[in-house]
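New to this one? Here's a quick tour to read alongside the model.

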Amino acid sequence: MCGLTGYFGAETFFAVEDARSVLKRMADTIVSRGPDDFGCWHDDSAGVALAHRRLSILDLSPAGHQPMQSVCGRYILVFNGEIYNHQNLRAELEKSSLVSRWRGHSDTETILAGLVAWGVRATVERCIGMFAFAIWDREERALTLGRDRLGEKPLYYGWQGSGGRSCFLFGSELKALKVHPSFSAEVDRSAMCLLMRHNYIPAPYSIYKDIYKLPPGSLLTVSLSQREPKISKYWSLSDVAVSGCRQGFSGSPEQAVDELEGLLKSAIGQQMVADVPLGAFLSGGIDSSTVVALMQAQSGRPVKTFTIGFNEEGYNEAVHAKAVARHLGTDHTELYVTHQQALDVIPRLPSLYCEPFSDSSQIPTFLVSQLARQHVTVSLSGDAGDELFCGYNRYLMANQLWKKLSRFPAGSRGLAAQGLTAFSPSSWNTLLAPFKGILPGSMRHANIGDKLHKGAAVLAVKSVDSLYLGLVSHWDDPSSLVIGGKEPPSLLTGNAPQLFGLDEIQRMMALDALTYLPDDILVKVDRAAMGVSLESRVPFLDHRVVEFAWSVPQSMKLRDGVGKWVLRQVLHRHVPKALIERPKMGFGVPIDAWLRGPLMDWAEALIDESRLRQEGFFNPGPIRQKWAEHLSGRRNWQYYLWDVLMFQAWLSEQ
């Protein structure tokens, strides 16, 4: 795993001797992505410069040094990621007599040979892997950026400055772009609105004006004759989902299980290739247990596995992971994290994530990455199983809820919602307290008023899509919260993809795979792992697995009210059912309690009313109201408050 950065299009406002120092400063901001080597290349006559930080995984020799130039001299490449089938690509090139000799055995050299033989798009379409790259074409005098199909590896870009200081910047993380002299660092208040809704900023937006994320599965080309970046898709998850559901897998359930196991074995086998120590994250859940089971089935020695545990009830999966590890015979390492160790991560978050990001499971994700890095350089994870095989509880819950709600007219549901919100949550708590003993079990909550208000919001929805949006949203009117902000359209709010032929649950799965997966889950894992110089690999995101998963009938994913049926059958061949069949548990920390305890003073300082007014980004009223209600215990506003706090913590370091 590595980091890349660079610039293009600058009239030479640097002295020639300064170009390298600018590139060095840009690359040094992402040194944790590649602590083993630094390289840069620049052509001042063309106004282009590339820089690279290397984490050596394949070909540890100098033959893997980047930027790397093609044998013919036409292409200069900086590359971040892994091409798992690059040996097959080498064999194809050799068979066609397109390459006579190799300098080393890195996948970067393989890509360059492919560019010469097949061109950019045809090479990328042949690649199985995770990647982001920048290619300078000396012949066309054009820069091409590319990102992998599902968005495992990040890539930011955008024009900054004006006149002679106008410059196209790009890089693996925003912090690399920020040190360039042309960078303006103007906060995009519209992107802030998206952060408040989702707890992440979805592509193509970033926290800064005129800086964007390249969408997954895309190529971007820019040149001085074509300053407006031209973006094209070489692979589309939307198309895969639609075509997969339309054509469908025609075999039996047993054949589907066989096919899935074969594809996962192949993907995991390819991802186990490394010239450095390798292991896996293991939570003891369906997804990570499947990955580890198939790793161990292909390994001649115990696979190194890692998990962290918490002593807080409801947050500890370590006991389940240990049981799975014992059954599979892995070399298992677990760490029970103290209250203070988890809290100590929080000051590091603004630097780790380089733009505001408020999924609080970022904390345990960093801790397990830190643990793994003490033993290995590469770790496989079980991410994406939920999106591909219908694993999230909200899919079934939303579908069942909508079937019940849609039986009643929208008008009557709206009146019921108004009735429920006519009383405050605390008033409901007081009114219903005498009847607590006779209420149904599902309503015997300490804070029933909070539950009733949440239920009112559900009653008011007009479609299953609105219900889904509510389930994945935090602040539902962020434009009134962010001063001068207007929520822009996203794939979830006004710019939805065409998903013809998908039912309600399949549509939710596809939207999660297009938004939540690349912009939350994969961002969280990439920054946490790269923050400690650990390469994380995700076998479920091998595009052959993804394409097959979308062809599997929904009846083989969701069966008898339980998701992941076909994946569970693969796992049951390796791990006893009793070890892994249990209610789904999130990978989180007790932020709600911490905000009322050890984090209270920290949070109060960040959202002090006078501070919010002085900074001018937020309307303090709704924030202070939620803060007061949270501290009193009347409501649990942890997610809403964490969104604001993570922006404030980020802002304080700018």
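What follows is a short walk through one buried serine, two sets of strands and the nonpolar cores. This is a predicted model, in which local features need pLDDT of at least 70, side-chain atom pairs count only at pLDDT 80 or more, and totals for chains, interfaces and linings use all residues. Residues are numbered from 1 along each chain as its sequence is written, and side-chain values use heavy atoms, with hydrogens and water left out.

**Around Ser379**

- Ser379 sits in strand E16 (residues 378-380); helices (H or I, at least four residues) and strands (E, at least two) are DSSP runs, numbered from the N terminus.
- With a relative accessible area of 0%, Ser379 is buried (buried means under 20% relative accessible area, with a 1.4 Å probe and protein chains only).
- Its side chain reaches the backbone nitrogen of Phe281 at 3.3 Å.
- Among the residues Ser379 touches (heavy atoms within 4.5 Å), leaving aside those up to four places away in sequence, are Gly279, Ala280, Phe281 and Arg537.

**The parallel strands**

- Phe281 also leads to the next stop: its bridge partner in E14 is Phe306.
- Strand E13 (residues 278-281) pairs with E14 in the parallel sense over three bridges; two strands pair if DSSP finds at least two bridges between them.
- To get from E13 to E14, the chain passes through helix H9 (residues 286-296), and this β-α-β crossover is right-handed (with the strands pointing away from the viewer, the path from the first strand over the helix to the second runs clockwise).
- On to strand E15 (residues 331-337): seven bridges join it to E14, and the two run parallel.
- Phe306 turns up again here, opposite Thr333 in E15.
- Six of the seven residues of E14 (residues 304-310) are buried, so the strand is largely enclosed by the rest of the structure.

**The antiparallel sheet**

- Six strands make an open, antiparallel sheet in the order E2-E3-E1-E9-E8-E10.
- E2 (37-43) and E10 (212-213) are at the edges with a single partner strand each, so one side of each has no neighbour in the sheet.
- E2 and E3 (residues 48-54) pair over seven bridges, with Gly39 opposite His52.

**Nonpolar cores**

- The largest nonpolar core (buried Ala, Val, Leu, Ile, Met, Phe, Trp, Tyr and Cys residues joined through side-chain atoms within 4.5 Å) has 179 residues, and Leu349 and Trp642 are among those touching the most other members.
- Helix H30 (residues 638-651) gives this core its largest share, nine residues.
- A second, separate core of 21 residues includes Ile76, Trp136, Tyr157 and Leu214.

Note on methods:
Buried < 20%, exposed > 50% of the residue type's maximum accessible area, 1.4 Å probe, protein only. Polar contact = N/O pair within 3.5 Å; in protein donor to acceptor, adjacent residues only side chain to side chain.
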